[in-house]
Amino acid sequence: MTLSDRIPNALTIAGSDPSGGAGIQADLKTFSALGAYATSVITALTAQNTRGVSGVHPVPADFIAAQLATLLDDVSIDAAKIGMVASLEVAEVIRDTLAQRRPRWVVLDPVMVAKSGDILVDDAGIRAVREVLVPQADLITPNLPEAAVLLGLPAPIDRTGMLAMAPALRELGAGVTLLKGGHLRGEECPDLLVTDEAATWIEGARVDTTNLHGTGCTLSSAITAHLARGDTLQEAVASAKHWLGEALAASRRLEVGHGHGPVHHLHAWW
């Protein structure tokens, strides 16, 4: 890892989770735990807990634009992560703003389906993510249900299906795709990193826990933090996956809610 005395600045553009396990809250904890200064722009308020989502209140696009412009007028961002985006107008605001003041890295986590199974965006939001934001990203990090929604295809059930889906995901226009295999059955939890040159499996053992709330948000923000600190893309993905495994294993120390609890973002500090 290349790390100078300067602490890098990372930005999350995402929705808020009152239970603290996903969205903006998970991203801020992750950036902080991994040595990046955390900044944020909120795209939506949600009414949710560890059991599910009962409501979504989008932030108006013009106010998202104001948040971004005001922040970027003052703070130099090394890497940005985009999470929940619910409309075409918001997607275009994010695209246009980052085109003018683009960080070195842009990571897109296409948040569409909550861990509880709740759909968080409508068809227009799905199209906005697919057509506007995916082509702007250096890396996209869909899980299997999200990849299926992006492509309008059934979710893969095994590694063969993941490999078969990879070319279609690449054709959406992202720089690199990390297809996350956490929804597969079995003892292993493999992710597939797809670049122009190759498709590489990033292996990992499945952690025996029900504390899975916000794992996607957390992994993408961990990758973003490592990129901000100077890691290569491959190093950032591998380091983030290892760190997430430790956060999952340590989550048994937390007592948060009665559904899918959060991972322990600050396990190395508490």
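In this predicted model, strand E2, which covers residues 37-49, pairs with strand E3, residues 52-58, in the antiparallel sense over six bridges. Within this pairing, Ala-44 stands opposite Pro-58 in E3. Two residues lie between E2 and E3, and the two strands form a hairpin. In general, strands of a sheet pair through backbone hydrogen bonds, and the pairing is either parallel or antiparallel.

This hairpin belongs to an open sheet of nine strands, whose order is E3-E2-E1-E4-E5-E6-E7-E8-E9 and whose pairing is mixed. The edges are formed by E3 and by strand E9 (199-202); each has a single partner strand, so one side of each is left without a neighbour in the sheet. An example of parallel pairing is given by E1 and E4, which are joined by four bridges. Thr-12 has Lys-81 of E4 as its bridge partner. Towards the other edge, E8 and E9 pair in the antiparallel sense over four bridges. Asp-191 stands opposite Ile-202 in E9, and E8 and E9 form a hairpin with four residues between them.

Helices pack on this sheet. Helix H7 touches E4, strand E5 (105-108), strand E6 (139-140), E7 and E8, and its direction makes about 165° with that of E4. Helix H6 lies across strand E7 (176-180), strand E8 (191-194) and E9, and runs at about 150° to E7.

Helix H1, residues 23-33, offers a view of the interior. Its buried residues are Gly-23, Ile-24, Ala-26, Asp-27, Thr-30, Phe-31 and Ala-33. These buried residues of H1 pack against strand E1 (9-16), E2, strand E4 (79-82), H7 and H8. Just after H1, Gly-35 takes a positive phi of about 85°.

The helices also pack against one another. Two packed helices are described by the angle between their axes and the distance between the axes. Helix H7 (residues 215-228) and helix H8 (residues 233-249) pack at an angle of about 135°, and their axes are 8 Å apart. H7 and H8 are therefore oblique to each other, and H7 passes H8 in a right-handed crossing. On the H7 side, the contact is made by Thr-215, Thr-218, Leu-219, Ala-222, Ile-223, His-226 and Leu-227. On the H8 side, the residues include Leu-233, Ala-236, Val-237, Trp-243, Leu-244 and Leu-248. The residues of this contact of H7 with H8 divide into 11 nonpolar, four polar and one charged.

A second pair consists of helix H3 (residues 88-100) and helix H4 (residues 123-133), whose axes come within 8 Å and cross at roughly 25°. That angle makes H3 roughly parallel to H4, because angles under 35 degrees are counted in this way. The crossing of H3 and H4 is right-handed. Leu-88, Ala-91, Glu-92, Ile-94 and Arg-95 in H3 meet Ala-128, Val-132 and Leu-133 in H4. By class, the contact of H3 with H4 has six nonpolar, no polar and two charged residues.

A third pair joins helix H5 (residues 144-151) to H6, with an angle of about 45° and axes 11 Å apart. H5 and H6 are therefore oblique to each other, and their crossing is left-handed. Here Leu-144, Ala-147, Ala-148 and Leu-151 in H5 meet Met-162, Met-165, Ala-168 and Leu-169 in H6. The contact of H5 with H6 has eight nonpolar, no polar and no charged residues.

One residue of this last contact merits a separate look. Met-162 is found in helix H6, residues 159-170. Is Met-162 buried or exposed? Its relative accessibility is 0%, so Met-162 counts as buried. Leaving aside neighbours within four places in sequence, Met-162 is in contact with Leu-144, Pro-156, Leu-179, Lys-180, Gly-181, Leu-184, Pro-190, Leu-192 and Trp-201. By contrast, the C-alpha atoms of Met-162 and Gln-67 are separated by 37 Å, and these two residues are 95 residues apart along the chain.

Definitions and conventions:
Residues are numbered from 1 along each chain as its sequence is written. This is a predicted model: local features need pLDDT of at least 70, side-chain atom pairs count only at pLDDT 80 or more; totals for chains, interfaces and linings use all residues. Side-chain values use heavy atoms; hydrogens and water are left out. Two strands pair if DSSP finds at least two bridges between them. Axes are lines fitted to C-alpha atoms, for helices over the stretch in contact, and angles run from 0 to 180 degrees between N-to-C directions. Angles under 35 degrees count as roughly parallel, over 145 as roughly antiparallel, 65 to 115 as roughly perpendicular and the rest as oblique. A crossing is left-handed if the near helix is turned anticlockwise from the far one by less than a right angle, and right-handed if clockwise. Contact means heavy atoms within 4.5 Å. Ala, Val, Leu, Ile, Met, Phe, Trp, Tyr, Cys and Pro count as nonpolar, Asp, Glu, Lys and Arg as charged, and the others, Gly among them, as polar. Buried means under 20% relative accessible area, exposed over 50%, partly exposed in between (1.4 Å probe, protein chains only).
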